[in-house]
Structure formats: C-alpha cells, structure tokens
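Trainee: Could you take me closely through the surroundings of the ligand, and tell me which parts of the protein supply them?

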Amino acid sequence: MSDIKPEDDVLRVVGGKPLSGQIKVRGAKNFVSKAMVAALLAPGTSVLKNVPEIRDVRVVSDLLRLHGVNVTFDGDRGIVTIDASHVDLADVADVDTLAGSSRIPILFSGPLLHRLGEAFIPSLGGCRIGDRPIDFHLETLRRLGATVNKEHADGIHITAPDGLHGAKIHLPYPSVGATEQTLLAAVLADGKTELSGAAIEPEIMDLICVLQKMGAIISVDVDRTIRIEGVEKLKGYEHTALTDRIEAASWASAALATRGDIFVKGATQPEMMTFLNVFRKIGGEFEVRDDGIRFWHPGGDLKPVAIETDVHPGFMTDWQQPLVVALTQANGLSIVHETVYENRFGFTKPLVQMGATIQLYRECLGSLPCRFQQRNFEHSAVIFGPTPLTGQDIDVPDLRGGFSHLIAALAASGPSTVHGISLIDRGYADFRGKLRALGAEIE
Ligand code: EPZ
C-alpha cells in the first residue's frame with residue numbers, strides 16, 4: 001500500500017545471535033479477515049476480539065467501509081466492531097486499488113448477493129482474477145443459483161436477483177477459500193447445501209463457529225462433507241479469534257534456526273499438533289503451557305526430516321518456508337514435498353546465495369497423491385545441512401518467504417539488508433518490536 005515510507009521498507013539485520021525471550025501472537029490472519037466478511041451477512045453489530053494489528057485487517061476494514069459498513073478497530077485491545085446495518089455496492093475501481101493482489105474481495109460475493117442481489121469483483125488485466133485461480137469459487141456461486149458475467153472489462157459481475165438456493169457441490173481439491181465461499185453464500189440460501197471435498201482447516205472451523213453464533217445451521221461430517229441448512233436471517237456475533245498458528249510456527253522455526261529460546265504467548269497445541277511432531281523429530285524442544293508454547297534449541301545437532309505439505313490435518317504449506325531455514329542447520333538430507341502450491345520454492349534461491357545447499361526437483365519426492373505429478377513445477381526440495389549462512393542483500397518475495405529470509409538473516413553471520421520488508425506487515429503484527437524484544441540486532 002502507498003502509506004509505507006521507504007525507510008520502513010528496509011531492515012538491516014546483524015545475525016548470529018540466538019533469539020531469546022517472550023512474544024505474543026494474536027488471532028489468525030486467515031480467519032480474522034473471513035470473520036470480518038461474515039459480519040456483512042447480518043444487519044447488526046458484530047464484535048471480533050484478539051485481532052492482530054496487521055495490514056490485512058486494515059485492508060478488509062477499508063473494503064467493508066467502501067461498502068457503507070461502519071468499522072472501528074481498537075488496536076491496543078485487538079477489538080474490531082463492525083456495524084453492517086447499512087450495505088452499499090462499492091465502486092469497483094476503489095475495491096481494486098485497495099485490495100491489490102488479495103483474493104478477499106471474491107469472498108464478499110455471497111454476503112453481497114444476499115444483502116444487495118449483486119456483487120462486482122475487480123479484475124485488472126484478466127489473468128490475476130482469471131477463471132483458474134477462482135474457478136472453484138465461481139462454480140460454487142453458479143451452483144447456488146448466481147449468474148456470473150465475465151464480459152465486463154474491469155471485473156466480474158455476479159447477480160442473484162431471486163436469491164441463492166441450496167445445492168450439491170463437490171470441490172475437486174479441498175480449497176480453503178472455496179469452502180469459505182460456500183459457507184458464506186449458503187448460510188442464507190433457500191434450502192440445504194451439501195459440500196463434499198471441503199477443507200476443514202481450524203480457521204474454517206472457527207468461521208463455522210462464528211456463523212453458528214449468528215444463527216446458521218452447519219454440520220461437518222468425518223468425510224469432509226459440510227452440510228448447511230439455509231436460514232432466513234442472521235444476527236451479529238461476538239467472538240474471540242483463534243491464535244495464528246502460522247505466525248506461532250514461524251517464531252518456533254526462528255528459535256530453532258538461531259539456536260534460541262522463544263516463548264510464544266497465545267500459541268495453542270491442538271491446531272499445531274502436526275507442526276509440533278515435526279519440530280520434535282528435528283530435535284527441537286517445546287513445552288506447552290496454559291498461556292502459550294515455549295520453543296527452544298536444546299544444543300547439539302538438529303536432525304533432518306522428510307515432510308509433505310497437505311491440507312489439514314496435514315503439515316501446512318505456510319509452515320514449510322520458515323522451517324526450511326531451520327533445516328539448513330540440520331545434520332543430513334531433508335526432503336520437502338510441496339503438494340498445495342505448485343510454485344512455492346522461489347524463496348530458496350536467496351537462501352542458496354547465503355550458503356544453503358538446496359536442490360529443487362520437478363518430481364514428487366513423497367508418497368502423497370499430488371496434482372503436480374508429471375508437470376513442470378519445481379515442487380520438491382532437498383536440503384543438505386548443516387551449512388553456515390552468511391549475511392546478504394535480500395529482496396522479500398512474499399509474506400511467508402519474506403519472513404523466512406528474515407530468519408535466515410538472523411541465523412547468518414554478518415550483516416544482511418532485507419528490502420521490501422513491509423510486505424511482512426501483511427501478516428506479522430509488530431514483527432520489528434517482537435524481534436527487538438527477542439534480542440535481535442536490527443535497524
Ligand atoms: C488460503 O489461501 C490462505 N490464505 C493461504 O495462506 C494458505 O496457504 C492456503 O489457504 C492453504 O492453506 C488466506 O486464507 C487468505 P486454497 P486460499 O484455495 O484459500 C487451488 C498466507 O501466506 N485453487 O486452499 O487462496 C490453488 O491454486 C496465505 O497466509 C484452484 O485451483 O488457498 C492452490 O493450489 C498464502 N482454484 C490450492 O487450490 C480455486 O478456485 C489451494 O488453494 C481455488 C484454489
């Protein structure tokens with residue numbers, strides 16, 4: 001966003017010091033934004049607590065305001081209050097300017113169709129919001145009775161003048177966003193919706209809790225089928241967001257990579273079980289306490305692992321990037337097979353420049369069925385360690401890759417300059433303050 005000062009976009013890091021101390025993690029970015037959109041469904045006031053001060057929360061707040069909704073954010077206490085008594089159709093150009101490359105606007109579709117009978121989703125240049133990355137979303141909306149018109153040059157116009165109706169929907173892949181799309185669109189649809197092949201991430205379960213508080217009827221079967229019985233109206237909610245398990249795992253990986261000791265206040269065990277198993281296998285120690293989890297490097301050598309990313313309850317794709325940095329310090333060959341995104345290893349190139357030995361493969365180095373088999377994507381990585389890292393000039397590629405680079409710079413000997421650092425503000429609240437609290441030498 002344009003409000004970033006150039007001096008806030010570069011961080012100088014002097015690495016080589018273990019990170020040690022306590023930091024607090026608030027609610028999950030990937031839940032909070034969806035819960036804020038859910039508030040649009042009710043002509044009343046909703047209150048969301050444990051909200052982190054991250055850029056994505058500001059973006060969704062501003063998107064809601066563009067739709068005539070009243071939003072206030074008490075950042076110190078982490079409380080967002082949303083009054084959606086009044087909803088308007090926003091100007092599509094304004095939505096686009098604000099949302100950037102975010103996919104959140106597509107999730108406004110269901111609530112806007114219920115409140116206004118139409119929604120407009122921006123599309124600049126076509127490819128960014130082309131059929132492929134949101135094909136499941138659009139198919140879901142069509143099945144629920146919406147008409148999707150892609151003829152407009154500046155976006156996708158979606159209408160449902162007679163309202164949405166229940167439907168049988170199957171997702172070809174358990175997409176988080178498409179599952180949320182179905183939930184947000186089907187709760188007020190006429191009749192029953194059956195969604196098979198759904199994603200069941202903890203953030204989705206928390207969204208279902210929010211919708212249930214609002215008056216929805218939703219059940220989840222063991223076979224990933226979600227059943228939604230449409231209701232006539234919903235009311236505002238009050239809810240405390242579940243903790244951000246991606247941020248918690250990022251700090252845990254930072255503790256391992258820098259041979260440090262970090263207490264992550266707010267981290268919870270049930271959502272992190274799969275991560276904790278891997279953390280232990282590598283040789284990391286953790287202690288689950290009532291108010292958080294302490295992660296530390298016990299000294300000696302770390303052990304290599306073979307992991308495959310997957311949908312919940314598998315090993316999250318978003319945990320992979322920070323952990324790879326720690327794996328550069330493990331003694332032997334580690335393998336990471338990425339099965340969720342075809343192209344999520346670009347961040348390893350700067351790590352190699354810093355001294356890591358990482359080889360990428362197009363083959364599936366694992367046993368999970370993978371959509372990228374026999375295709376041209378480097379989606380498996382072999383990491384050989386331990387390799388000392390040395391400081392470099394680094395450009396942040398994306399949110400999680402960027403945080404990984406930061407960890408690498410902190411683990412490396414000598415100074416690094418990390419450019420484009422404000423990207424990390426999208427999902428890591430006050431990470432500069434937290435790094436200082438952990439004893440990092442940053443400027
Ligand atoms: C959410 O993205 C998260 N983002 C991602 O976190 C996370 O990595 C991802 O879920 C998986 O857990 C938010 O919640 C805002 P998907 P989402 O739909 O919903 C393909 C972060 O750093 N697909 O589950 O967009 C897609 O290309 C971010 O916090 C289609 O083909 O993810 C991908 O390969 C990054 N067509 C796979 O499905 C569709 O219509 C999973 O995507 C939709 C998805």
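Mentor: Helices here are DSSP runs of H or I with at least four residues, numbered from the N terminus, and with that convention the helices around the ligand can be named. This is a predicted model, in which α1 (29-38), α6 (135-143), α7 (176-186), α11 (317-327) and α13 (399-411) each supply at least two residues of the shell around the ligand. Seen by domain, the shell draws at least three residues from each of domain 1 (6-25 + 243-442) and domain 2 (29-240).

Of the 22 residues around the ligand, those that come nearest are Lys34, Asp135, Ser175, Val176 and Gly177. Sorted by class, the shell has nine charged, eight nonpolar and five polar residues.

Turning to individual polar atoms, an oxygen atom of the ligand is 2.8 Å from an N or O atom in the side chain of Arg400, and an oxygen atom of the ligand is 3.1 Å from an N or O atom in the side chain of Asn30. At Phe136 the partner is a polar backbone atom, which is 2.9 Å from an oxygen atom of the ligand. As for cover, the ligand taken alone exposes 840 Å², and the protein buries 86% of that.

Among the helices of the shell, α1 deserves a further word, for this helix is itself mostly covered, with nine of its 10 residues buried. Those buried residues are Lys29, Phe31, Val32, Ser33, Lys34, Ala35, Met36, Val37 and Ala38, and one of them, Lys34, is also among the residues that come nearest to the ligand.

Notes. Residues numbered from 1 in each chain as written. Predicted model: local features only at pLDDT ≥ 70, side-chain atom pairs only at ≥ 80, totals over all residues. Heavy atoms only, no water. Near = heavy atom within 4 Å. Polar contact = N/O pair within 3.5 Å; in protein donor to acceptor, adjacent residues only side chain to side chain. Areas by Shrake-Rupley, 256 points an atom, 1.4 Å probe, with all protein chains shown as cover. Nonpolar A, V, L, I, M, F, W, Y, C, P; charged D, E, K, R; others polar. Domains from an automatic or database assignment. Buried < 20%, exposed > 50% of the residue type's maximum accessible area, 1.4 Å probe, protein only.
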